[in-house]
Amino acid sequence: QKYFDSLLAAALRTLDRERPVYVEAESKKIGNLGVPDALLAAMRLSSRVRLEVPLAARVQLLLEDYAHFLSAPELLASQLQHLAELRGSAVVERWQALIAKRQWTDLVASLLETHYDLAYAKSLERNYPPHADDLVLPLDNPEAGELALVAQRLI
């Protein structure tokens with residue numbers, strides 16, 4: 001934790017105080033590490049930007065970013081088993097069946113809709129309730145060109 005805090009403090013000192021800083025909406029914990037209270041408080045008081053990305057595009061991004069899970073389906077199945085108590089055994093059994101059939105697109109879409117989005121929405125409501133000045137940006141195709149346009153709009 002102390003090493004993380006030191007690295008974070010060093011990185012923050014390099015930022016230009018005259019320019020906005022964009023951070024992902026995190027909860028108090030990132031894995032086993034804690035976000036410093038002062039930083040978390042500043043994040044919670046700040047204006048927000050919400051990117052609205054269609055499910056199909058989000059699925060594609062996750063398939064690319066988490067390809068290592070797809071190459072180890074047994075590990076993925078084992079990890080998802082831990083969610084049986086939270087989401088129910090029938091849901092996890094459906095996920096297990098999708099893994100067995102290597103139906104990755106359907107699996108990721110189901111994980112987003114029946115687990116991740118629910119948990120993330122709950123966390124956002126608790127940690128970052130909506131503000132009137134929140135900026136909502138649609139991002140239909142999160143590839144480099146469109147990301148650059150959204151970034152320009154933010155700047």
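Which residues of the largest nonpolar core touch the most other members? In this predicted model, the largest nonpolar core holds 17 residues, and those in touch with the most other members are Val 59, Leu 76, Leu 80, Trp 95, Ile 99, Trp 104 and Leu 107. At least two residues of this core come from each of four helices, namely H3 (55–65), H5 (73–81), H7 (89–100) and H8. The greatest contribution is that of H8, which supplies 6 residues. In soluble globular proteins, nonpolar side chains tend to be buried together.

The chain as a whole provides the setting for this core. The chain contains 9 helices and 4 strands, and these elements follow one another along the sequence in the pattern α-β-β-α-β-α-α-α-α-α-α-β-α. The C-alpha trace spans about 50 × 40 × 30 Å along its principal axes. Of the 155 residues in the chain, 22% count as buried. Among contacts between residues at least 6 apart in sequence, 64% join residues at least 24 apart.

Two members of the core illustrate how its parts meet. Leu 76 is located in helix H5 and counts as buried because its relative accessibility, 9%, is under the 20% limit. When residues up to four places away in sequence are not counted, Leu 76 touches Phe 69, Ile 99, Trp 104 and Leu 107. Three of these partners, Ile 99, Trp 104 and Leu 107, are themselves among the core residues that touch the most other members. The C-alpha atom of Leu 76 is also separated by 8.9 Å from that of Gln 96, a residue 20 places apart from Leu 76 along the chain. For Trp 95, with residues up to four places away again left out, the residues touched are Leu 80, Leu 83, Arg 87, Leu 107, Ser 110, Leu 111, Thr 114 and His 115. The partners of Trp 95 thus include Leu 80 and Leu 107, both of which also appear in the list of core residues that touch the most other members.

A charged residue may also be buried, as Arg 48 shows. Arg 48 occupies the loop between helix H2 (37–45) and strand S3 (49–52). With a relative accessible area of 13%, Arg 48 is classed as buried because this value falls under 20%. A polar atom of the Arg 48 side chain lies 2.8 Å from the backbone oxygen of Pro 129. Apart from neighbours within four places in sequence, Arg 48 is in contact with Met 43, Tyr 128, Pro 129, Pro 130, His 131, Asp 133, Asp 134 and Leu 135.

A second loop residue, Arg 102, is notable for its backbone. Most residues other than glycine have a negative phi. Arg 102, although not a glycine, has a positive phi of about 60°. This residue is found in the loop between H7 and H8. Arg 102 counts as partly exposed because its relative accessibility of 43% lies between the limits of 20% and 50%.

Exposed positions were examined in helices H6 and H7. Glu 85 is placed in helix H6 (residues 84–87) and is exposed, with a relative accessible area of 80%. From Glu 85 to Leu 55 the C-alpha separation is 25 Å, the two residues being 30 apart in sequence. In helix H7 lie both Glu 93 and Ala 90. Glu 93 counts as exposed at 53% relative accessibility, and Ala 90 is likewise exposed, with a relative accessible area of 56%. Glu 93 and Arg 58, which are 35 residues apart in sequence, are 23 Å apart from C-alpha to C-alpha. For Ala 90 and Leu 33, which are 57 residues apart in sequence, the corresponding distance is 32 Å.

The second largest pocket contains about 260 Å³ of space. Of the 13 residues that line this pocket, Ala 25, Glu 26, Ser 27, Tyr 116 and Tyr 120 are the closest to its centre. Strand S1 (29–30) and helix H8 (104–127) are the elements that give two or more residues to the lining. Helix H8 gives the most, with 5 residues. By residue class, the lining divides into 7 nonpolar, 3 polar and 3 charged residues. Helix H8 therefore gives the most both to the lining of this pocket and to the largest nonpolar core.

Conventions: Residues numbered from 1 in each chain as written. Predicted model: local features only at pLDDT ≥ 70, side-chain atom pairs only at ≥ 80, totals over all residues. Heavy atoms only, no water. 1 Å grid on protein atoms, 1.4 Å probe; cavity = no way out; pocket = protein on both sides within 12 Å on 5 of 7 lines; lining within 4 Å. Points joined across faces, edges and corners; volume = space filled by probe spheres on them. Nonpolar A, V, L, I, M, F, W, Y, C, P; charged D, E, K, R; others polar. Core = buried A, V, L, I, M, F, W, Y, C linked by side-chain atoms within 4.5 Å. Buried < 20%, exposed > 50% of the residue type's maximum accessible area, 1.4 Å probe, protein only. Contact = heavy atoms within 4.5 Å. Polar contact = N/O pair within 3.5 Å; in protein donor to acceptor, adjacent residues only side chain to side chain.
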